[in-house]
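I opened the model to look up how its chains are built and where they meet. My notes follow in the order in which I looked.

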Amino acid sequence: MAEVTLVEAVNLALARALSDDPNVIVLGEDVGVNGGVFRATVGLQQRFGPQRVVDTPLAELLISGLCVGMAAQGLRPVGEIQFMGFIYPCIDQLVNHASRLRNRTRGRLSCPMVLRTPHGGGIRAPEHHSESTEVMLAHIPGLRVVIPSSPERAYGLLLAAIRDPDPVVFLEPTRIYRAAKGQIDDDGEALPLDVAFDLREGQDVTLISWGAMVKETLAAADQLAGDGIRAEVIDLATLKPYDADTILASVQKTGRCVIVHEAARTGGFGAEIAALIAEHGLTSLLAPVVRVTGYDTVIPLPRLEQHYMPSVNRIAAAARKVCQFS
Amino acid sequence: MAERAITDEELPVIARFEVRQRSYLAPDGTVLRRLPHFASDTNALVSLYRGMALTRAFDTKAVSLQRTGRLGTYAVSLGQEAVSIGVASAMRGEDVLLPSYRDNAALLWRGVTMEEILLYWGGDERGNHWSGPVHDFPFCIPVGSHAPHAAGVAYAFAVRKQPRVAVCLFGEGATSKGDVWEAMNFAGVHKLPVVFVVNNNQWAISVPLKLQTASETLAQKAIAAGFAGEQVDGNDVIAVRAAAEEAIAEARAGKGPRFIEAVTYRLGDHTTADDAARYRPPEEVQARWKEEPIARLRSYLVGQNAWGKVQEEQLAAECQQLIEVAIERYLATSPRLPETMFDNLYAELPEAYAAQRRELKEASHG
């Protein structure tokens, strides 16, 4: 058992996968000699060689397209897109090929690939380096979209994603790459996909989040406890397909729900959760479902960025409001 | 004294390139130069001829099925049969084909059945679940986006040290896309066993080649990726087959990728949903009929006393017979249950979608 950061947990999971399965190939820009711009792949090329840890040309569409071709032949490619703002050339490959190869061949071919990319803002990065457009990916049938919020879940969920027989986009919360620390026993044990994690038990309000915002959400729950409000905190972890049962069971208990994500509000994944609760949990509601999100603006450059990101205070205020509603 | 400006002639040339063009048969079937080795076997040529003739007969029937509402949108190969057949005939069974939507002929050659092809174009994914070349890709519908897959497939062969080759077919419009370039560029860097073949049929729906590129040839695009590109007369099946054979052998031997530009002409509409008369003068098409690949090879075979009226009639009857049987089987395919649309979405349907599957099942079974 060792204390590691989230990005180190990613590195451990990649090393474990490369070591366990000769079909695993890691590919992307600067992932080899340099070890990745965030150091997620550090040491892997030295250990597993340049054929299995591949420095690709600077071409994101290519990285995702190569993964499809490799996966269709039974390799287990793990592509890295350096920042989520550069994933858009891959959308064609994800929508038209990766997510539907199994379906359009009725299972004759499949696409067991993983596309990893750093997710989210708050690191004072240049323009296009702070994106959280997970909902665009979560709309694609046939795909899995996973986002961990701790080193333990980064390790376990990434191993699960690599072993999964279908394509997975694995979003890594950039802001807590190094800020989040946890104990990892590098035993190759995966965590389940498609399952939400109940991080804190509570009776009064359900707080749902994913990725880096889980940190603020947990801090808000601490603050609320000081006011006597017992908040339940759920880390959704897999956005597609998501764990509706855990959400509905929690809301049935608390009657109140606040959804927290840093992506823009309109059409964000919070809207999907609110719709789910409206459809299947209406009678248990004691207050309107509230979203605490980034605004419907372009995420600002660093000087205004902190005003865009949902803060602990915004989350706690929203939770107090729904608790006062009834 | 002011220094004299340096002229271009004084600067050293650091690279020179050339693109060669391969053709063996003139449009009238006369021999232009010494034929490649395989062409000394008349049976091999007859086999190519049969492949092209079957394709044309199959296409004709497919269009009539479409016109009578029994098939979806379909893209014929009319005039371009030599490209798919020439390339597919140079491949081994264990090689992997990545076809575009106009490559029905290549699939047929490789053992995909006519009823499977009809089933796919008839609107049923089961057509892609063919029993033939199990690793071959299904038709790529978005233009050129399968080129990176070909590089990925070839990378898998390289990692596993398998002497197999990925062969990717696309139209000239695809060469305008970054997808194709990115794939070629990567294949060049890693010397991957992949052959890219462009069916340059001059028209991308209504956009002519001159609006697609100012490049003198498409073959030269390979040079920038660090490997050889060759232009072949795409209406000369002997030339296509010879170029593909050589390229595939080189790729298999670890000498890296190759690029073949097969220059041909789309005598038909883009698909059954298109009317080329709206944008293309009929005189241009008429003139191009003189160059088409089937009559060309027939002229040569007739000249060699290897083909005649009897064989032609026999072949036509055989083709009709094969196609009729396939159409009967296709039309008799049992329908799919609606809820099976969920069944290959993932290896195992996630619990999250089980309710939707039940909902559809109940709705569709009344």
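Entry 1, chain B overall. I looked up burial for chain B, and 46% of its 366 residues count as buried. I keep in mind throughout that this is a predicted model. I then checked the radius of gyration: chain B has 23 Å, and a compact globule of 366 residues would have a value near 21 Å, so the two agree. Along the principal axes, the C-alpha atoms of chain B fill a box of roughly 95 × 60 × 45 Å. I took the contacts in chain B with a separation of 6 or more and found that 75% of them join residues 24 or more positions apart. For secondary structure I noted 13 helices and eight strands in chain B.

Entry 2, domains of chain B. The domain assignment splits chain B into domain 1 (16-335) and domain 2 (337-366). Their C-alpha centres are 37 Å apart.

Entry 3, where the chains meet. I found 34 residues of chain B in contact with 36 residues of chain A. Which elements of chain B give two or more residues to this side? They are helix H5 (147-159) and helix H6 (178-189) of chain B. H5(B) gives the most, with nine residues. Sorted by class, the side of chain B that touches chain A holds 20 nonpolar, nine polar and five charged residues.

Entry 4, domains of chain A. Chain A is divided into domain 1 (2-184) and domain 2 (197-325). I read 26 Å between the centres of these two domains, taken over C-alpha atoms. Domain 1 of chain A puts 25 residues into the contact and domain 2 of chain A puts in 21 residues. On the side of domain 1, at least two residues each come from helix H6 (134-138), strand E6 (144-146), helix H7 (151-163) and strand E7 (168-173) of chain A. By class, that side of domain 1 of chain A has 11 nonpolar, eight polar and six charged residues.

Entry 5, the seven-stranded sheet. I traced an open sheet in chain A with the order E3-E2-E4-E5-E7-E6-E12 and mixed pairing. Strand E3 (53-55) and strand E12 (238-240) of chain A are the edge strands, each pairing on one side only. On average, neighbouring strands of this sheet are turned by 20 degrees against each other, direction ignored. Strand E5 (residues 114-119) of chain A runs parallel to E7(A), and six bridges join the two. I picked out one pair: A:Arg116 has A:Phe170 in E7(A) as its bridge partner.

Two helices that pack on this sheet went into the notes. Helix H3 (residues 60-72) of chain A touches strand E2 (24-28), strand E4 (76-80) and E5 of chain A, and its direction makes about 175 degrees with that of E4(A). H7(A) touches E2, E4, E5, E6 and E7 of chain A, and its direction makes about 160 degrees with that of E7(A).

Entry 6, strand E13 of chain A. Is strand E13 (residues 257-264) of chain A mostly covered or mostly open? Seven of its eight residues are buried, so I entered E13(A) as mostly covered. Three bridges join E13(A) to strand E10 (residues 205-209) of chain A, and these two run parallel. Here A:Leu207 has A:Val258 as its bridge partner. E13(A) also runs parallel to strand E14 (residues 290-294) of chain A, with five bridges between them. In E14(A), A:Gly294 is the bridge partner of A:Ala264.

Key: Residues are numbered from 1 along each chain as its sequence is written. Chains are lettered from A and ligands numbered from 1 in the order in which they are written. This is a predicted model: local features need pLDDT of at least 70, side-chain atom pairs count only at pLDDT 80 or more; totals for chains, interfaces and linings use all residues. Domain bounds come from an automatic or database domain assignment. Two residues are in contact if their C-beta atoms, placed from the backbone, lie within 7 Å. Helices (H or I, at least four residues) and strands (E, at least two) are DSSP runs, numbered from the N terminus. Ala, Val, Leu, Ile, Met, Phe, Trp, Tyr, Cys and Pro count as nonpolar, Asp, Glu, Lys and Arg as charged, and the others, Gly among them, as polar. Two strands pair if DSSP finds at least two bridges between them. Axes are lines fitted to C-alpha atoms, for helices over the stretch in contact, and angles run from 0 to 180 degrees between N-to-C directions. The radius of gyration is taken over C-alpha atoms; the globule rule is 2.2 Å times the number of residues to the power 0.38. A residue is buried if 20 or more other C-beta atoms lie within 10 Å of its own, exposed if 12 or fewer, and partly exposed in between; C-beta atoms are placed from the backbone.
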